[in-house]
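Open the model in your viewer and keep the sequence panel visible. The tour below goes from selection to selection.

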Amino acid sequence: MDVPGRWKDLDFLLNRSGNITGPDFEPDPAVREFLHDSCRVLCVGAGGLGCELLKDLALTGFGNIDVIDMDTIDVSNLNRQFLFRLKDVGKPKAEVAAERIRSRVAGVQVTPHFCRIEEKPIEFYEEFHVIILGLDSLEARRYMNQVACSLLAYDTDGKPDLSTIKPLVDGGTEGFKGHARVIIPGFTPCFECTLWLFPPQVKFPLCTLAETPRSPAHCIEYAHVIQWGRDRPDEEFDADIEEHMKWMYEHALARAQEFGIQGVTYQLTQGVVKNIIPAIPSTNAIVAAACTLEALKMVTMCSTQMQNYMMYIGTDGIYTHTAAYEQDPLCSICSPGILFQVQSSMTLQQVIEAIAKERSLDKPSVSYGAENLYMHGPLEELTKHNLSKVIGDLVDGDGSVLQVNDKKLAFTLRLKLKFTDTQMLDVNGTS
């Protein structure tokens, strides 16, 4: 990637000091070398926003990019996902996007992963310096947020261990609206902290769907909410399985014809079921540029970071607003621990039963720091002797944080113990 003059503009940022550089920034040509040769960035999603992100990352100087996407290319993608051509229809988005970037931007390595994000082990995500999200799914965003926060460790004082932080940059678009945000687990609000920013999905009354449908969306939701469960009760509907989506379209179309309703198409069926908002290429470009710039600032510290959420509205002119949202101290995903009241005289068995009851868990395993207090499975024989021990003897007192794992939990749950039977001592040490 070392072509004379190619990175002139980037060098202006990385080789000079300034008034808005990030903390501890030191101008040095080695910064660009790190960006090109050693830094690894993961782009999650290769759709409309993902294509823009991959292009921007490669042209900004990131030399080692991975992209993960489970979708294949559809004809409807071609109007805005510019890395794809008609001949690519039916092929994996990640693989085609990676090849196109490699062929257009000399020297960049792009590694595709054609799979679901859940199929990758947690160790896979640990390999990257920064993760950028170009997703159109609330559930996928929440999953990646949980991945990043599950890697975060806290010291005994409740301070984040800096070596365990996995920063996220999240971008999203809805028509002429979009956002870019920075998530530094342990320091900025995570996705769960600000879940209220996302409006609830529109739901139709069941009586309307079942008795008086008046629009194509009503027919599609009837097939989705009512007919699927009635006709295929033993199968869970998956919008990413082509056969499931075709079934949904065919039954929605039949429902529409029964009531004389026009307008049910396969593309509309996908949009209603997946809650897809039509994408605008210019919005994707603006949001991707903001996300890429934040990723560059994260890795090089060449400028101060966004604090911490940028909103873009392009319906009437161009409007942006940046807000510094605050971390939720009681967040179950990114906080040092959720307060959990117990008595110090309770046995570990009683504490585990209380946790399982309050959190609706099945068979929770519990650890404290690096010590496994009780584990199901192969380690059960080695740890079950702790079940009869008093919790006050197993931890270091009030404020100790237990790590809880269970098959019903996607990631580790942190619980900060509050002993309700601890007596207060006066200045003479007497109760």
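In which loop is S360 found? Select S360 and look at its neighbours along the chain: the loop runs between helix 12 (348–359) and strand 10. Phi of S360 is near 55 degrees, a positive value in a residue other than glycine. Bear in mind from here on that this is a predicted model.

**Whole chain**

Now select the whole protein chain and colour by secondary structure; the protein chain holds 14 helices and 13 strands. Orient along the principal axes, where the C-alpha trace spans about 80 × 65 × 45 Å. The protein chain has 431 residues, and 47% of them count as buried. Switch on contacts next: among those between residues at least 6 apart in sequence, 63% join residues at least 24 apart.

Show the surface. The protein chain exposes about 22,300 Å², with carbon and sulfur atoms supplying 52% of that area. Then colour by charge, which brings up 40 positive and 58 negative charges, their mean positions 5 Å apart.

**The second largest pocket**

Select Y154, D155, G369, V401 and Q403. Of the 22 residues that line the second largest pocket, these lie nearest its centre. The volume of this pocket is about 610 Å³.

Which element gives the largest share of the lining of the second largest pocket? Select strand 12 (401–405): strand 12 contributes three residues, the largest share. Add helix 6 (138–150), strand 10 (365–368) and strand 13 (413–419) to the view; each of these, like strand 12, supplies at least two lining residues. Strand 10 also closes the loop visited at the start, the one that holds S360.

**Two more backbone stops**

Go to Q307 and N308 and display the backbone. A cis peptide bond joins these two residues, with omega at about -20 degrees. N308 sits in the loop between helix 11 (281–300) and strand 7 (309–313).

The last selection is D24, in the loop that connects helix 1 (8–14) to helix 2 (29–37). Like S360, D24 has a positive phi in a residue other than glycine; for D24 the value is near 65 degrees. Is D24 buried or exposed? The relative accessible area of D24 is 77%, and the cut-off for exposed is over 50%, so D24 counts as exposed.

Definitions and conventions. Residues are numbered from 1 along each chain as its sequence is written. This is a predicted model: local features need pLDDT of at least 70, side-chain atom pairs count only at pLDDT 80 or more; totals for chains, interfaces and linings use all residues. Side-chain values use heavy atoms; hydrogens and water are left out. Helices (H or I, at least four residues) and strands (E, at least two) are DSSP runs, numbered from the N terminus. Buried means under 20% relative accessible area, exposed over 50%, partly exposed in between (1.4 Å probe, protein chains only). Contact means heavy atoms within 4.5 Å. Accessible areas come from the Shrake-Rupley method with a 1.4 Å probe; for residues, only the protein chains shown count as cover. Lys and Arg count as positive and Asp and Glu as negative; His and the chain ends are not counted. The place of a charge is taken as NZ of Lys, CZ of Arg, CG of Asp or CD of Glu. On a 1 Å grid over the protein atoms alone, a cavity is a set of points where a 1.4 Å probe fits but cannot get out, and a pocket is an open set with protein on both sides within 12 Å along at least five of seven lines; lining residues have an atom within 4 Å of a point. Grid points are joined across faces, edges and corners, and a volume is the space filled by probe spheres set on the points.
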